[in-house]
Amino acid sequence: MLNMDFSKKVVIRTAEQEWVPSPAGGVLRKPLAREEAERGHATSVVRYEPGASFKRHEHPLGEEILVLDGVFSDETGDYPAGTYLRNPPGSGHAPFSKEGCTLLVKLHQFDDRDQSTVRIDTRNTAWLPGIGGLEVMPLHEFEHEHVALVKWPANEVFQPHRHFGGEEIFVLSGEFCDEHGRYPEGTWIRSPHMSQHHPFVDRETVIWVKTGHLPVSAP
């Protein structure tokens, strides 16, 4: 068990973590949250070295991927940096990377009714206007869960707010800030149900953000 108490805030600066070998040669991981060693709920940063592959496996409760760099591949196609993927519950694949890649991966975290397959090239998708100077790129939603990229212009300050169902952030570029700290590129933040903050940035920053998906009561 790793960071499975969803009533607690977790902040991990992944650039400071060591890579941990996986069962597949050439595939390394930085675990962020994990229910069991090789099954159940897991959130990780994953690196495929050039030519690495993972044997075919199933996703009983789905898989969510954001390609951070390189090109990730499976039998359905090749997905360059910036691609957002969702493989629904009951799906499976045999992933590999010819040139190598780094991914944010979330496993076994879908509602079994969420059967959407998603493939979005975020580098060729339009940004939409958000609150204040923010720009937003919606990626997926299901009931209370919302996933998006958010682009913050330099010196933007957002209104204080609470997160019903929690919030999860991965900082893709720049530095995200709030009254609790400063979070550079590569930082993963998970804030519990009804947590509150007053976020801001000093320089242009892009984050991946998911809200409304965490338990609304303590375990």
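Reader: Where does S195 lie?
Author: S195 lies in strand 20, which runs over residues 195–197. Keep in mind that this is a predicted model.

Reader: How do you know whether S195 is buried or exposed?
Author: Buried means under 20% relative accessible area. S195 comes in at 17%, so S195 counts as buried.

Reader: And what does the side chain of S195 contact?
Author: A polar atom of that side chain lies 2.7 Å from the backbone oxygen of P192. The limit for a polar contact is 3.5 Å, so the pair fits within the distance cut-off.

Reader: What makes T187 buried or exposed?
Author: T187 has a relative accessible area of 0%, and the cut-off for buried is under 20%, so T187 is buried. T187 belongs to strand 19, residues 187–191. The side chain of T187 reaches the backbone oxygen of P184 at 2.7 Å.

Reader: Where is L134, and is it buried or exposed?
Author: Look in the loop between strand 12 (128–129) and strand 13. L134 has 7% relative accessibility, which is under the 20% limit, so L134 counts as buried. The C-alpha atoms of L134 and V157 are 9.5 Å apart, with those positions 23 residues apart along the chain.

Reader: Why is the W152 and F158 pair called edge-to-face?
Author: Two values decide that. Ring centres have to lie within 6.5 Å to pair, and W152 and F158 are 6.0 Å apart centre to centre. Planes over 60 degrees apart count as edge-to-face; the planes here are at 65°, so the label holds. Both W152 and F158 are buried.

Reader: How many aromatic pairs are there, and which residues form a cluster?
Author: A search of the whole structure turns up four aromatic pairs. Ring pairs join W152, F158, F176 and Y183 into a cluster.

Reader: What makes you say that K30 sits over a ring?
Author: The charged end of K30 sits over the ring of W19, 4.6 Å from the ring centre. The distance limit is 6 Å, so K30 meets that part of the test. R86 does likewise over the ring of F110, with its charged end 4.0 Å from the centre.

Reader: What stands out about the phi of H108?
Author: H108 has a positive phi of about 60°, although H108 is not a glycine. Most residues other than glycine have a negative phi. H108 lies in the loop between strand 10 and strand 11 (118–121).

Reader: And why is H108 called partly exposed?
Author: The relative accessible area of H108 is 27%, and partly exposed covers the range between 20% and 50%, so the term applies.

Reader: What about the phi of E143, and where is E143 found?
Author: Phi of E143 is near 50°, a positive value in a residue that is not glycine. E143 is found in the loop between strand 13 (135–142) and strand 14 (145–152).

Reader: On to the largest pocket: how much space lies in it, and which residues are closest to its centre?
Author: About 690 Å³ of space lies in the largest pocket. It is lined by 34 residues, and R29, E38, F54, H57 and L107 are the closest to its centre. The elements that give two or more residues to the lining are strand 3 (27–34), strand 4 (42–48), strand 5 (57–59), strand 6 (63–74) and strand 10 (101–107).

Reader: Which strand gives the most, and how do the lining residues divide?
Author: Strand 4 gives the most, with five residues. The lining of the largest pocket divides into 16 nonpolar, nine polar and nine charged residues.

Terms used
Residues are numbered from 1 along each chain as its sequence is written. This is a predicted model: local features need pLDDT of at least 70, side-chain atom pairs count only at pLDDT 80 or more; totals for chains, interfaces and linings use all residues. Side-chain values use heavy atoms; hydrogens and water are left out. On a 1 Å grid over the protein atoms alone, a cavity is a set of points where a 1.4 Å probe fits but cannot get out, and a pocket is an open set with protein on both sides within 12 Å along at least five of seven lines; lining residues have an atom within 4 Å of a point. Grid points are joined across faces, edges and corners, and a volume is the space filled by probe spheres set on the points. Helices (H or I, at least four residues) and strands (E, at least two) are DSSP runs, numbered from the N terminus. Ala, Val, Leu, Ile, Met, Phe, Trp, Tyr, Cys and Pro count as nonpolar, Asp, Glu, Lys and Arg as charged, and the others, Gly among them, as polar. Rings of Phe, Tyr and Trp (its six-membered ring) pair if their centres lie within 6.5 Å; planes under 30 degrees apart count as stacked, over 60 as edge-to-face and the rest as tilted. Buried means under 20% relative accessible area, exposed over 50%, partly exposed in between (1.4 Å probe, protein chains only). A charge sits over a ring if NZ of Lys or CZ of Arg is within 6 Å of the ring centre and within 35 degrees of the ring normal. A polar contact is a pair of N or O atoms within 3.5 Å; within protein, one must be able to donate a hydrogen and the other to accept it, and residues adjacent in sequence count only if both atoms are side-chain atoms.
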